[in-house]
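Subject: The structure we talked about

Hi,

Here is the structure I promised to pass on. Have a look at it first, and then read my notes below with the viewer open.

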Amino acid sequence: NSPWNGEFIVSRRDGTTFYAQVHNAPITDHSGKLIGMIGVSSDISERMRSEKQLRRMSELLEKSGALAKIGGWEVDIETMKLSWTAETFRIADRISTIEPPLEEGINLFAPEARETIASAVQAAIDSGTPYDLELPIITEKGNHKWVQTQGFAEMANGKTVRIYGTFQDITEKKRAEEAHSV
């Protein structure tokens, strides 16, 4: 005789249904004998609709990113935690699904590009300076690619609290430019 809760589809008297969060608890007498139940139900239909819409929008964003070969990333300045979208993982040929530390993310760039990206990231952190760079990377699998990376700062009280941006595979574009210039 333990309390329990869950989400259910509930029918109204008129036959329509709605999603409900239900919490129930047993009522016992002084000897512990079950004498009844008490419960509370809350209509969570709007929350369920919102969650479904959010899943659809996330899926659309994911598919659009894959088609355009554009990933997203962000760094929480307080924790310096780097977060990537699935497309950023794909572009980087990252085997693990765990985001790398920021330093490892910077080291994804080819050695000749690391100072450029590190300076751009630091300027975004220090003063909110945005950037838009085309730089070479060497993926976790050793593939040489070109990316366009953009970075933007989110400020609060004159201080950068987050930087975020895009990470787009432009390898084909760069190869076409090289072939055209030869």
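Two residues are in contact when they have heavy atoms within 4.5 Å of each other. Please keep in mind that this is a predicted model.

With that in hand, a good place to start is Trp73. Not counting residues up to four places away in sequence, Trp73 touches Leu82, Ser83, Trp84, Tyr131, Thr149, Gln150, Gly151, Ile163, Tyr164, Gly165, Thr166 and Phe167. Trp73 also belongs to the largest nonpolar core, which has 26 residues. Together with Phe109, Ile117, Tyr131, Ile163 and Phe167, Trp73 is among the members that touch the most others. Two or more core residues come from each of β4, β5, α2 (86-91), α3, α4, β6, β7 and β8. The biggest contribution is that of α4, with 6 residues.

Now to the sheet that supplies several of those strands. Its 5 strands make an open sheet in the order β5-β4-β8-β7-β6, with antiparallel pairing. β5 (81-84) and β6 are the edge strands, each pairing on one side only. On average, neighbouring strands here are turned by 25 degrees against each other, direction ignored.

Going through some of the pairs:

- β4 (residues 70-76) is joined to β5 by 4 bridges, and the two run antiparallel. Within this pair, Glu74 stands opposite Ser83.
- β6 (residues 131-138) and β7 (residues 144-156) are antiparallel and share 8 bridges. Pro136 sits opposite Trp146 of β7. The two strands form a hairpin with 5 residues between them, and Gly142 in the turn has a positive phi of about 85 degrees.
- β7 and β8 (residues 159-169) are joined by 10 bridges, again antiparallel. Ala153 faces Ile163 of β8 as its opposite number. Their hairpin has 2 residues between the strands, and Asn157 takes a positive phi near 55 degrees there.

Next, helix α4, which covers residues 111-127. Does its length fit what a helix of 17 residues should span, or does it conflict? At 1.5 Å a residue the expected span is 24 Å, and the end C-alpha atoms are 25 Å apart, so the two agree. Just after α4, Gly128 has a positive phi of about 80 degrees.

Which residues of α4 are buried? They are Ala113, Ile117, Ala120, Val121, Ala124 and Ile125. Viewed down the axis of α4, the buried residues fall within an arc of 135 degrees, so they line one face of the helix. The general reason such a pattern can arise is that an α-helix has 3.6 residues a turn, so residues three or four places apart point the same way. On the other side of α4, Glu112, Glu115 and Asp126 are exposed. The buried residues are covered by elements that include α3 (102-106), β6, β7 and β8.

A second helix, α5 (residues 171-181), lies across β6, β7 and β8, and runs at about 125 degrees to β7. Glu177 is found in α5. Is this residue buried or partly exposed? Glu177 has a relative accessible area of 38%, which makes it partly exposed, because that value lies between the 20% limit for buried and the 50% limit for exposed.

There is also another sheet. It is open and has 3 strands in the order β1-β2-β3, with antiparallel pairing. Its edge strands are β1 (4-11) and β3 (34-43), each of which pairs on one side only. Neighbouring strands in this sheet are turned by 35 degrees against each other on average, direction ignored. β1 pairs with β2 (residues 17-28) in the antiparallel sense over 8 bridges, and Ile9 has Tyr19 in β2 as its bridge partner. Helix α1 (residues 45-68) lies across β1, β2 and β3, running at about 125 degrees to β2.

One last distance to try in your viewer: the C-alpha atoms of Glu177 and Met37 are separated by 73 Å, and these residues are 140 places apart along the chain.

Happy to go through any of this with you.

Best wishes

Definitions and conventions: Residues are numbered from 1 along each chain as its sequence is written. This is a predicted model: local features need pLDDT of at least 70, side-chain atom pairs count only at pLDDT 80 or more; totals for chains, interfaces and linings use all residues. Side-chain values use heavy atoms; hydrogens and water are left out. Two strands pair if DSSP finds at least two bridges between them. The expected span of a helix is 1.5 Å times one less than its number of residues. Buried means under 20% relative accessible area, exposed over 50%, partly exposed in between (1.4 Å probe, protein chains only). The arc is that of the directions from the helix axis to the C-beta atoms. Axes are lines fitted to C-alpha atoms, for helices over the stretch in contact, and angles run from 0 to 180 degrees between N-to-C directions. A nonpolar core is a set of buried Ala, Val, Leu, Ile, Met, Phe, Trp, Tyr and Cys residues joined through side-chain atoms within 4.5 Å.
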